Structure formats: structure tokens, C-alpha cells
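This report examines a protein and DNA assembly. Please consult the sequence and the structure shown below while reading.

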Number of protein chains: 2
Amino acid sequence: MNTLGYAILGVLARTPCSGYELAAYLEVLWPAKHSQIYPLLNKMEQKGLVAYEHVEQTGRPDKKTYSITDQGREALGSWVEEKPADPAVRDEFLIKVYSMWLTDEENARKLILERISKLKLRVTVREKKIASVEKDHTRASSKHFGRYVLLNRSNVLDKEEISWCKWVLNLMDNPLIVKFVIGFIGAGTFNTLIRGISMLSEC
Amino acid sequence: MNTLGYAILGVLARTPCSGYELAAYLEVLWPAKHSQIYPLLNKMEQKGLVAYEHVEQTGRPDKKTYSITDQGREALGSWVEEKPADPAVRDEFLIKVYSMWLTDEENARKLILERISKLKLRVTVREKKIASVEKDHTRASSKHFGRYVLLNRSNVLDKEEISWCKWVLNLMDNPLIVKFVIGFIGAGTFNTLIRGISMLSEC
DNA sequence: GAGGCCATGTAAACCGTTACATGATTAG
DNA sequence: CTAATCATGTAACGGTTTACATGGCCTC
């Protein structure tokens with residue numbers, strides 16, 4: 001079984017759902033297209049890790065509601081205890097930032113500004129989700145604890161990247177001022193740094 | 001040409017190097033194994049995007065030192081100006097955090113603690129690299145500007161994730177206190193939040 | 001002497017995306 | 001009437017990993 005399989009088990013352990021719904025939940029956890037999900041669900045069902053119930057619907061297509069089996073829960077449980085593999089990030093933006101010295105500053109600034117607006121959008125969407133999570137999410141024993149802390153994780157990381165983007169824009173605008181402030185990196189967060197820059201700029 | 005090809009061009013535009021060295025540089029930009037790099041370099045050479053020079057060495061195997069051609073620089077330049085695709089992150093850790101309510105708290109804590117030590121290690125290694133970057137890196141026109149800002153990006157994001165990890169550990173230890181502090185999320189960084197928790201714990 | 005670094009390649013297996021296929025309902 | 005949402009599947013293609021292949025040098 002591959003990692004996607006365990007991601008599916010993780011979602012199904014929290015709540016039974018169809019392959020279609022699964023795709024939406026997996027987006028933040030381990031993104032996958034339906035063409036990958038449906039065949040895998042069939043394989044997992046044959047192995048006895050999940051079970052499905054045919055649900056007839058009116059006004060919309062019938063669906064299969066999958067749920068995790070005891071065997072599946074056991075498999076997931078022992079997998080969770082193993083050390084996770086190193087994360088793999090593939091982000092074209094990084095390559096473009098790396099190579100942006102080849103283009104003019106206008107294009108470089110556009111690249112960063114568009115990243116900021118994308119990040120801001122993701123944060124606002126996610127904030128609504130966080131607000132709608134159940135009340136007792138903060139207990140580690142809660143089913144929703146994992147989802148709750150992961151949503152927060154994505155948000156703080158995105159916000160930190162926004163701060164970083166602003167720092168880069170500042171560097172492009174006036175490298176001299178920032179050279180002076182650079183010593184602060186590591187002493188605090190970038191938010192602090194940005195505040196420092198703004199203060200200097202205002203002087 | 002695929003994204004890896006542009007990542008290779010990006011590195012070669014900065015400095016000519018062998019396929020072997022390329023693999024090391026690509027690790028942060030667009031991770032790839034040598035089995036993917038060498039055949040692609042051959043293809044790119046045939047297309048005239050890169051050129052190589054056979055370098056004989058004593059005491060170690062000969063190598064091919066690749067450099068970017070004018071055609072390659074042009075191709076990279078126009079690719080950089082296109083909008084980047086959405087980033088794809090695949091991180092088993094997220095699935096394990098999501099599913100950690102299935103295991104005991106001891107295991108859950110181990111998962112987070114080991115993440116923290118991995119992140120800390122990465123930060124210290126990177127800090128040395130940042131220190132060794134040339135002096136005039138802070139100018140956007142510098143060849144090393146991209147590498148410089150990306151190293152900083154990874155570091156601030158890793159540090160923010162460390163803060164998040166500590167926040168999760170705090171949540172697991174005493175959910176009640178954190179419930180009280182939770183309102184602060186969004187108002188500042190997690191560092192601030194952690195400070196808030198510590199202060200409450202100390203009271 | 002075992003393992004890691006340097007250095008380049010190929011082949012097979014696996015994972016993931018895009019395209020092909022179908023079709024009803026609802027909102028703008 | 002167009003597009004989105006719900007709902008499930010298969011096939012082909014392309015990208016990525018793992019394994020096969022070779023071999024000298026250096027460090028523990």
C-alpha cells in the first residue's frame with residue numbers, strides 16, 4: 001500500500017464518506033485526483049481495509065459510502081507509529097524566484113505580489129474552515145484535533161510566507177536599508193523584521 | 001521541456017557544474033535523483049539549451065561540466081515570466097498528525113518532538129550556508145539574490161513550524177489553558193502565542 | 001574492510017496527471 | 001444555456017523512485 005492509501009484510511013477513520021468527498025478532504029493532506037482514488041479504493045476494499053455501502057440517491061447519482069474496517073484501523077495505527085518520510089515540496093515559484101535576476105524588476109515584483117495575493121486568499125478561506133470546526137477540537141483525544149491543528153499549521157506558515165514576500169519586496173526597493181536591518185534575522189520572526197523595516201523607512 | 005529542465009537551467013545560469021553537483025543544488029529547488037538528471041541533461045544538450053565540456057580528473061572519475069547556452073538562457077527567461085503552477089506538497093507527517101488521535105499520547109508526542117529536531121537541524125545547517133553567501137547578495141540584480149532569499153525563506157518557515165510544533169505539544173499537555181489563549185491566533189505569530197502560553201503557565 | 005564520496009549512466013516499476021466516458025440537477 | 005456540482009470509472013502518458021551497473025579514492 002502506498003501513502004495515498006494511508007491518507008484515505010486517515011480520513012475514513014474520522015468519518016465515512018464517498019470517493020468524491022474523499023478527494024476534497026485529501027486536498028490538504030495528500031492531494032490526489034479521482035482517477036487515482038477510485039481504483040485504489042477498489043483495491044483496498046478487496047484487501048479488507050475498507051468496506052462500502054451502496055447508497056441510492058434521488059436527484060443526484062448514487063454513491064458508495066466507504067468506511068474503515070478494523071483491519072484498516074490496525075494497518076493505519078501501526079503505520080502512524082513509523083517514522084514519516086521526508087517531505088517533498090515541488091513549487092515552481094521557488095525556481096522562478098531563484099532565476100528572477102534574469103528578468104527586469106517589474107516582472108520580479110509581479111511574481112512576488114501575485115504570490116502574496118494567492119497566499120492571502122488561501123488564508124481567508126482556511127480561516128472560515130477553522131471557525132467552523134467543532135468546539136472540543138483542542139483536546140488531543142478528539143477526532144478533529146488533527147484536522148484542527150493542521151489547518152492552523154497551514155495558516156501560520158502561509159502568513160509567515162506573506163511576511164517573507166514583503167521582506168523580499170523591501171529588499172528589491174531599497175537594498176541599503178535592509179542590509180542594515182539584516183542582523184535581526186534569526187532573533188525574531190519576519191513580522192518583527194518587517195516592523196523594523198517600516199520603522200526605519202518612516203524615519 | 002518539464003519543470004525539472006527549467007530548474008536545471010536556473011542552476012546552470014548561476015554557475016556551470018556537473019550533473020552530480022546539480023543534484024545537490026536542486027535538492028532545495030526541485031528535488032531529483034541522478035537517474036532523472038543525467039538523461040534530461042543529454043536531451044537538453046541535443047536541443048542546444050546546455051553545452052558540456054569533458055573534464056578529466058585525477059584521483060576521481062572524469063566529469064562533464066555543463067553550462068547554459070544563450071538559447072537556454074532565453075528559454076529560462078521567458079518561462080520565468082509565466083505564472084507558476086500551484087505548489088504541491090507531499091508530507092507523510094501531515095497524515096500522521098491527522099491520524100494521531102488513534103495512538104497513545106506518548107507516540108503522538110514523539111512524532112512532534114522528532115519533527116522539531118529535524119527542523120532544528122535543517123535550520124542550523126542552512127544558517128551556515130546563509131553566512132557563506134557573498135556580501136552583495138541583497139541586491140536584486142545579483143546572481144545570488146534568489147538563492148539568498150530562498151535560504152532565508154526556508155529558515156523562517158522552518159522556524160515557524162517549530163513554533164507550531166511547540167504549540168501542539170502545549171495543546172496536548174493542557175488543553176484548557178490553550179482554549180483560553182486560542183483567541184490570539186491570527187492576531188500575531190505563533191511565537192507570540194507561545195510566549196503567551198508560557199506566561200500563563202508560569203503564573 | 002566497510003562505508004561514504006565522487007561520477008555517470010540504463011531499465012523497470014511505481015506514482016500522478018490528463019484525457020476519455022457518461023449523465024442528471026441546479027444556479028446564474 | 002452555460003457552468004458548476006455530484007458521482008464513478010478507465011486508459012494513456014509523463015514524471016519520479018528504486019534497482020542494476022561500474023569503479024577508484026579516502027576515512028574510520
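How many nonpolar, polar and charged residues does the surface near DNA strand D have by class? This surface has nine nonpolar, nine polar and six charged residues. The model under discussion is a predicted one.

## Surface near DNA strand D

There are 24 residues around DNA strand D, and those that come nearest are A:Tyr20, A:Ser35, A:Lys63, B:Asn2 and B:Ser35. Two or more residues of this surface are given by each of helix H2 (19-29), helix H3 (34-46), strand E2 (63-68) and E3 of chain A, together with helix H3 (34-46) of chain B. H3(A) gives the most to the surface near DNA strand D, with four residues.

## Surface near DNA strand C

Around DNA strand C there are 25 residues, of which A:Asn2, A:Ser35, B:Tyr20, B:Ser35 and B:Lys63 come nearest. At least two residues each come from H3 of chain A and, in chain B, from helix H2 (19-29), H3, strand E2 (63-68) and E3.

The largest share of the surface near DNA strand C belongs to H3(B), with four residues. Divided by class, the surface near DNA strand C has nine nonpolar, nine polar and seven charged residues.

## Relation of the two chains

A turn of 180° with a shift of 0.0 Å along the axis lays chain A on chain B with an RMSD of 0.2 Å. That is the relation of a two-fold axis. The same surface serves both copies, since 98% of the contact residues of chain A recur in chain B.

Which residue of chain A comes closest to the rotation axis? That residue is A:Val89, whose C-alpha lies at 2.3 Å from the axis. Strand E3 of chain A covers residues 88-90, and three bridges join E3(A) to strand E3 (residues 88-90) of chain B. The two strands run antiparallel, and A:Arg90 stands opposite B:Ala88 in E3(B).

## Interface between chains A and B

In the interface, 66 residues of chain A are in contact with 67 residues of chain B. On the side of chain A that touches chain B, the elements giving two or more residues are helix H1 (3-14), helix H4 (70-81), strand E3 (88-90), helix H5 (92-98), helix H6 (105-132), helix H7 (145-173), helix H8 (175-181) and helix H9 (190-202). Among these, H7(A) gives the most, with 15 residues. By class, the residues on this side of chain A divide into 36 nonpolar, 13 polar and 17 charged.

## Fold of chain A

The secondary structure of chain A comprises nine helices and three strands. From the N terminus on, these elements follow the order α-α-α-β-β-α-β-α-α-α-α-α.

Chain A has 203 residues, of which 33% count as buried. Among the contacts in chain A with a separation of 6 or more, 50% are accounted for by residues 24 or more positions apart.

## Annotated domain

An unreviewed UniProt entry places the feature "domain: Transcription regulator PadR N-terminal" at residues 8-76 of chain A. In the model, this span is 55% helix and 17% strand. The end C-alpha atoms of residues 8-76 lie 10 Å apart.

Notes
Residues are numbered from 1 along each chain as its sequence is written. Chains are lettered from A and ligands numbered from 1 in the order in which they are written. This is a predicted model: local features need pLDDT of at least 70, side-chain atom pairs count only at pLDDT 80 or more; totals for chains, interfaces and linings use all residues. Two residues are in contact if their C-beta atoms, placed from the backbone, lie within 7 Å. Ala, Val, Leu, Ile, Met, Phe, Trp, Tyr, Cys and Pro count as nonpolar, Asp, Glu, Lys and Arg as charged, and the others, Gly among them, as polar. Two strands pair if DSSP finds at least two bridges between them. A residue is near a molecule or strand if its C-beta atom, placed from the backbone, lies within 6 Å of it. Copies are superposed by least squares on the C-alpha atoms of residues with pLDDT of at least 70 in both. A residue is buried if 20 or more other C-beta atoms lie within 10 Å of its own, exposed if 12 or fewer, and partly exposed in between; C-beta atoms are placed from the backbone. UniProt positions are given in the numbering used here, feature names are shortened, and annotations may be inferred rather than shown by experiment.
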